[in-house]
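Me: I'm new to reading structures, and I'd love a close look at one part of this one. Could you walk me through the largest nonpolar core?

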Amino acid sequence: MDIVDALIEHHGVLRTLAQQAEADPALFEEYQRHLVVHHTMEEKYFYDFLEQVASARKDSLEAVNEHHIIELILKDAEDFPRDHERFPIKVEGLGEYTAHHLDEEEMDIFPLGRQVLDPDDLVELGKLFVEAKDRLLSVKPPEAPGNIDTSGNVARRSAARGLGIGSLKK
Ligand SMILES: [Fe+2]
Ligand SMILES: [Fe+2]
């Protein structure tokens with residue numbers, strides 16, 4: 001499987017998680033985890049090479065900039081109260097912007113990558129992407145202990161949780 005097929009396969013997972021997280025806020029973190037791993041490894045094994053090809057540089061930089069915009073949307077949603085009626089709207093907006101990015105990659109940028117990069121290199125990069133993605137997604141940090149006294153931090157934490165854009169306006 002070359003890097004393009006491997007990326008498209010993971011896009012399918014991202015599209016499904018977007019729909020699931022919209023319906024169930026508890027799945028937002030899983031969606032976020034997949035998005036961050038996808039972007040980071042897609043840049044390491046695809047865009048870092050594509051941007052070195054003069055004819056593909058501008059498209060490549062634009063796509064990576066879209067990753068940055070998605071990460072800003074993620075950052076906003078991350079601190080937003082999960083029980084607020086606007087939270088699913090935030091996740092829906094994130095899913096819509098991300099879908100636009102995935103469509104553009106599949107329709108324009110991946111075909112361009114196949115034109116300008118060597119097929120054997122694409123296969124090698126695909127193997128590395130799949131290995132890195134699977135390894136990163138399998139990492140499960142140990143559960144935090146349940147006996148830590150956080151009473152002194154509760155007010156500060158809940159205040160920080162309410163600072164997503166638009167969260168203070170009911
Ligand atoms: Fe991307
Ligand atoms: Fe992608």
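Reply: Happy to help; we start with the whole chain and then move into the core. This is a predicted model, in which local features need pLDDT of at least 70 and side-chain atom pairs count only at pLDDT 80 or more, while totals for chains, interfaces and linings use all residues. Residues are numbered from 1 along each chain as its sequence is written, with chains lettered from A and ligands numbered from 1 in the order in which they are written.

The chain has six helices and zero strands; helices (H or I, at least four residues) and strands (E, at least two) are DSSP runs, numbered from the N terminus. Buried residues make up 26% of the 170 residues, where buried means that 20 or more other C-beta atoms, placed from the backbone, lie within 10 Å of the residue's own.

Now for the core itself. A nonpolar core is a set of buried Ala, Val, Leu, Ile, Met, Phe, Trp, Tyr and Cys residues joined through C-beta atoms within 7 Å. The largest one here holds 17 residues, and Ile-3, Leu-7, Tyr-45, Phe-46, Leu-125 and Phe-129 touch the most other members. At least two residues come from each of helix H1 (3-23), helix H2 (28-50), helix H4 (87-116) and helix H5 (119-138). The most, five residues, come from H2.

Let's zoom in on Ile-3. Leaving out residues up to four places away in sequence, Ile-3 touches Tyr-45, Phe-46, Leu-122, Leu-125, Gly-126 and Phe-129; a contact is a pair whose C-beta atoms, placed from the backbone, lie within 7 Å.

Conventions:
Buried ≥ 20, exposed ≤ 12 C-beta atoms within 10 Å, placed from the backbone. Contact = placed C-beta atoms within 7 Å.
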